[in-house]
Each structure stands twice: as C-alpha cells, then as structure tokens.
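I opened the notebook to record what I looked up, one topic at a time. The entries below follow the order in which I checked things.

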Amino acid sequence: MAKNVQAPTISIGITEADRLKISRGLSHLLADTYTLYLTTHNFHWNVTGPMFTSLHAMFMTQYTELWNAVDPIAERIRSLGHAAPGSYAQFGKLSSLKDVPATPPKAMDMVRILVTGHEAVARTARGVFPLADKANDEPTADLLTQRLTVHEQTAWMLRSLLE
C-alpha cells in the first residue's frame, strides 16, 4: 500500500504568494519568448529577396538565442515551486504576441514584426521585475535583466535595418 507523501514545504525566503505572482509573470514571459522563437524560426525558413542571406543568418542567430532562453525561464518557474506552461494552448492564452502570419510576409515586414515582438517581450519582462524586486528574488531579477538586455538590443538592431 502506497503512503501519501506530502511535498516538502519550500522555504527559500520568498512567500508562497510572491512565488505565485512571480511564477505567473514568468509564465507570460515564457509564452512570449516561445511565441517569438516560433515566429523567428518561421521567418528564417521563409525569408526571400535581396537580403535573404543576411536575414536568414540573422534570424538563425536570433531563434537560437530565444530557444536557449526558454529553459532557464521554465526552470525558474519550477524553482519557485510551480508548474511551467508548455503547450501551444497555454502559450496562446498567455502570450501577448500575435501568432505568425499564415502567409509569409515580405522580408522587411518580417523585420517589423520581429521588432514589435522583441519590444513586447521586453515589456513583459519589465512588468515582472517589480514583483521580483519587491520579493527580494535576485535570481529572477537577474534572469529578467538578462532578457531585457537581449530583447532591447535585438529590437534596436532590427530597427536599424528599417532606416
């Protein structure tokens, strides 16, 4: 007969209420990051035109960075004692980004969409920061700072292509 084993209490110096709020915010960040990853990978596959080679390579660099970002975000949610979302249905409900267009846009429209996406993910990360700061959650604050740096810099680089 199996005994009911109760999960140990999490005692990391952050209240359950704060861990829940931060995890919810990080879940939105995870959904935004994954959605932007899918969009960027789609554009890598479908870009055409005179800038094909440079955009194809740039998009690969960007989607690879985004892919490498999803695991630390999800693992931070788990470290805070909550389940990380991981389905398309969950990401669709949590993400602030629109899904990739069904018909691939022109190359410069792809760039515009990615600028908007990176700016949106930066706003999502920035929105979670006060929760982490208030709770003295330095690991989450560090993660958010790293994500903000990447998204703001990538948006700037993409905007520069549009000038």
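**Entry 1: the largest pocket**

Which elements each supply at least two residues of the lining of the largest pocket? I looked this up in what is a predicted model, and found that α1 and α3 (88–94) each do so. I then checked the shares, and the largest one, seven residues, comes from α1. I noted a space of about 250 Å³ in this pocket. The lining has 15 residues, and I wrote down those closest to the centre of the pocket: T35, L38, Y88, D99 and V100. Sorted by class, I have eight nonpolar residues, five polar ones and two charged ones in this lining.

**Entry 2: the second largest pocket**

I turned to the second largest pocket and recorded about 210 Å³ of space. Two elements give two or more residues to its lining, α1 and α4 (107–134). Which of the elements gives the largest share? I found that α4 does, with four residues. The lining residues I listed include L36 and T39, the run from S96 to P101, and also I113, T116, G117 and A120. By class I noted six nonpolar, four polar and two charged residues. D99 and V100 are on this list, and I had already written both down among the residues closest to the centre of the largest pocket.

**Entry 3: the chain as a whole**

I stepped back to see what the pockets sit in. How many helices and strands does the protein chain have? I recorded five helices and zero strands. Read from the N terminus, the order is α-α-α-α-α. The C-alpha atoms fill a box of roughly 65 × 40 × 20 Å along the principal axes. Of the 163 residues in the chain, 42% are buried. The chain exposes about 9,500 Å², and carbon and sulfur atoms supply 57% of that area. I also looked at contacts with a separation of 6 or more, and 82% of them join residues 24 or more positions apart.

**Entry 4: two helices checked for span**

I took α1, which has 31 residues, and read off 44 Å from its first C-alpha to its last. At 1.5 Å a residue, 45 Å is expected, and the value I read is close to that. I did the same for α4, where 28 residues should span 40 Å and the end C-alpha atoms are 42 Å apart, which agrees. Is α1 largely enclosed or largely open? I noted that 22 of its 31 residues are buried, so α1 is largely enclosed by the rest of the structure.

**Entry 5: T40**

I picked one residue in α1 (residues 16–46), namely T40. Its relative accessibility is 0%, so T40 counts as buried, because buried means under 20%. What does T40 touch, apart from neighbours within four places in sequence? I listed F59, Q62, Y63, L66 and L114.

**Entry 6: P105**

Next I looked at P105, which is in the loop between α3 and α4. I had to check the cut-off here: P105 has 18% relative accessibility, and buried means under 20%, so P105 counts as buried. Outside its neighbours within four places in sequence, P105 is in contact with F43, M110 and I113. I113 was already in my notes as one of the residues that line the second largest pocket. I also read off a distance from P105 to V47: their C-alpha atoms are separated by 8.1 Å, and the two are 58 residues apart along the chain.

**Entry 7: A83**

I then went to another loop, the one between α2 (52–79) and α3, where A83 has its place. Is A83 buried or exposed? At 63% relative accessibility I put A83 down as exposed, since exposed means over 50%. Not counting residues up to four places away in sequence, A83 touches I77 and R78. From A83 to T48 I recorded 39 Å, C-alpha to C-alpha, with their positions 35 residues apart in sequence.

**Entry 8: N136**

The last residue I looked up was N136, in the loop between α4 and α5 (138–161). Just after α4, N136 takes a positive phi of about 55°. I marked this as a positive value in a residue other than glycine. N136 is exposed, with a relative accessible area of 55%.

How values were computed:
Residues numbered from 1 in each chain as written. Predicted model: local features only at pLDDT ≥ 70, side-chain atom pairs only at ≥ 80, totals over all residues. Heavy atoms only, no water. Buried < 20%, exposed > 50% of the residue type's maximum accessible area, 1.4 Å probe, protein only. Contact = heavy atoms within 4.5 Å. 1 Å grid on protein atoms, 1.4 Å probe; cavity = no way out; pocket = protein on both sides within 12 Å on 5 of 7 lines; lining within 4 Å. Points joined across faces, edges and corners; volume = space filled by probe spheres on them. Nonpolar A, V, L, I, M, F, W, Y, C, P; charged D, E, K, R; others polar. Expected span 1.5 Å × (residues − 1). Areas by Shrake-Rupley, 256 points an atom, 1.4 Å probe, with all protein chains shown as cover.
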